[in-house]
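Me: Please take a close look at chain B, and set it beside its partner where that helps. I would like one connected account, from its elements and overall form down to single residues.

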Amino acid sequence: MIKYFEVNKIFSITSKAPKYVLILFIVVLTIGLIESLIFSPEDYKQSHSVRIMYVHVPAAWITLGIFSSITFLSTIGYIFKIKNFFLISKSLAPSGLIFNIIALVTGAIWGKPTWGTWWAWDARITSMLILALFYVMYLLAWRIYQNDDKVYKVTSLITIIGIINVPIIKYSVDWWNTLHQPASINILSKSTIHSSMLFPLMIMTAAFALFSLLIFLMKYNTELIKIKNKGLDRL
Amino acid sequence: MYGRKVKLRFFFVIAILVTLILSSFLILRSLEENVIYFQSPSDIKNFAELEKKKIRIGGMVKKNSISADANEISFIITDFKNEINVSYSGVVPNLFEEGKGVVAEGILKDKNYFLASKILAKHDENYMPPEVKAALEEK
C-alpha cells in the first residue's frame, strides 16, 4: 500500500544514500565547473559574462521544478491523506528556496553588466520574486502550525495558490514586453544556444539537481528520525 | 472506489484551481498596461495625447542612427513599423549597439522625440561563440 510506508524500511535506504549522492554531486559539479568556466567558449556579444548563465538558468529550472513537485505531492497528499507526501514536500522546499534566491541574485549580477541595471520590475523578474515569497510562506507555515492536520491543509493551499504563478513565470517573456529575453531552450523548436554552451548548461543542471537531492535526503532523514523517536514505525 | 471524502477533496482542489486561473487571467488582462515593461514606437504613435509621466520605450536601435558628441548621445528606436528619436546624456550599457534591442526610460517630448534619463540594453535569446557568429555572417 502506497499509503503506509514502513519507516524503518525507507530509513535503511535514505540514511545510506547521502554519502553516494555527495560523491556523485562533487564529481558532476567539478566537471560542470571546468566545462563552464574553462572549456566553454565566450559569447559573441556578452563575452565572458555569459558564464553566469551556467548558474542562473539551472538554478531557475530547479526551483520551478521543485515548486511544481511540491504542489503535485501536496495536492495528492491532501486528497488521499498520504502523510509521507507532505514530509517529502517539506524536505524538498528548502533547496527550492535556495535556488530561487540564487537565480534572483545571479540575475542581478548578470543584469548589471549586460542590461545596465541590477533590478527591473519586469514581469519575469517580479513573478520570480513572488515565487520566492511563496516558498517563504510555505516554509513559515510548517513552523507556525504544530498540529499535523492543520499544517497539511495550510501548506497544500499555499502550493495550490502558488502554482498559478509557475506558468506566468514561464510564459511572461512571451506574453508581455519584458526586459528579460525569451527562452533559448524550447522542447518543440531548435534551441538558440550553441551546442558548445548547451553541454555545460546540462551538466550544471544535473549538479544542482544532485545538490537538491542531497539536501532533500538529509532533511527527510531528520523527519524520519523524529517519527521513529515518537515510537511510530508506520507513517 | 474512493470514499466520498476523497471525491469531495478532489473537487475542492479543482474548484480552487479553476477559480484561481480565471481570476488571475482577469486580473492580468486588466493590468496589462502595468505588466508590460515597455511600449513600442507603434504604441506611442497610437497615443491619443502625450503622457506627462515617465514611460519606457523599447525596440531596436536603428542601423547607422547613433550619433554622439561630448555630452549627448542620440539615436533612433525602431520596431520596423514606426520609429522615434531618442536623446540621452549619460553612460550606456555595454550591450548597447546598433541593430540590437534597447529600452529607454524617460519623458516623451512629442510623438517623435523622447528624452531618456536611463538606457537599458535588451539582449536576445541567441548565444554562440564568436567564430560561429562570424561563420553565420559569411553565409
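Reply: Helices and strands are taken here as DSSP runs, with at least four residues (H or I) for a helix and at least two (E) for a strand, numbered from the N terminus. The model is predicted. On that basis chain B contains four helices and six strands. From the N terminus on, three helices come before six strands, and a helix closes the order: α-α-α-β-β-β-β-β-β-α. Chain A, by contrast, has eight helices and zero strands, and its pattern along the sequence is α-α-α-α-α-α-α-α.

Overall form comes next. For 139 residues, a compact globule would have a radius of gyration near 14 Å, but the value for chain B is 23 Å. Its C-alpha atoms fill a box of roughly 75 × 45 × 25 Å along the principal axes. The domain assignment divides chain B into domain 1 (4–33) and domain 2 (40–122). The centres of these two domains, taken over C-alpha atoms, are separated by 40 Å. A single pair of residues gives a further distance: N82(B) and F10(B) lie 72 residues apart in sequence, and their C-alpha atoms are 52 Å apart in space.

Chain A gives another picture. Its radius of gyration is 19 Å, which agrees with the value near 18 Å for a compact globule of 235 residues. The box filled by its C-alpha atoms is roughly 60 × 40 × 30 Å. In chain A, 38% of the 235 residues count as buried; in chain B, 25% of the 139 residues do. Contacts can be described in a similar way. Of those in chain B with a separation of 6 or more, 48% are between residues 24 or more positions apart. For chain A, 78% of the contacts between residues at least 6 apart in sequence join residues at least 24 apart.

The contact of the two chains takes 32 residues from chain B and 35 residues from chain A. On the side of chain B, α1 (4–30), β6 (113–122) and α4 (130–138) each supply at least two residues. The largest share of that side, nine residues, comes from α1(B). By character, the residues on the side of chain B that touches chain A are 22 nonpolar, five polar and five charged.

Helix α2 of chain B brings in a helix of chain A. Helix α5 of chain A (residues 123–144) has 22 residues and reaches 31 Å from its first C-alpha to its last, close to the 32 Å expected at 1.5 Å a residue. Its buried residues include I125(A), M128(A), L131(A), F134(A), Y135(A) and Y138(A). The buried residues of α5(A) pack against α3, α4 (83–114), α6 (148–163) and α7 (165–175) of chain A, together with α2 (32–35) of chain B.

The largest nonpolar core has 77 residues, and those that touch the most other members are I77(B), V86(B), V102(B) and A104(B). The largest share of this core, 14 residues, nevertheless comes from helix α3 (residues 53–80) of chain A. Leaving aside residues up to four places away in sequence, I77(B) touches P41(B), I57(B), G59(B), V61(B), E83(B), I84(B), V86(B), V102(B) and A104(B).

Among these partners, P41(B) leads on to a loop residue. N82(B) sits in the loop between β3 (73–78) and β4 (83–88) of chain B. Is N82(B) buried or exposed, or does it fall in between? A residue is buried if 20 or more other C-beta atoms lie within 10 Å of its own, and exposed if 12 or fewer do. N82(B) has 17 C-beta neighbours inside 10 Å and therefore counts as partly exposed. With residues up to four places away in sequence set aside, N82(B) touches P41(B), S42(B) and K45(B). P41(B) is thus a contact of N82(B) and one of the contacts of I77(B).

Terms used
Residues numbered from 1 in each chain as written. Chains lettered and ligands numbered in written order. Predicted model: local features only at pLDDT ≥ 70, side-chain atom pairs only at ≥ 80, totals over all residues. Core = buried A, V, L, I, M, F, W, Y, C linked by C-beta atoms within 7 Å. Contact = placed C-beta atoms within 7 Å. Domains from an automatic or database assignment. Nonpolar A, V, L, I, M, F, W, Y, C, P; charged D, E, K, R; others polar. Rg over C-alpha atoms; globule rule 2.2 N^0.38 Å. Expected span 1.5 Å × (residues − 1).
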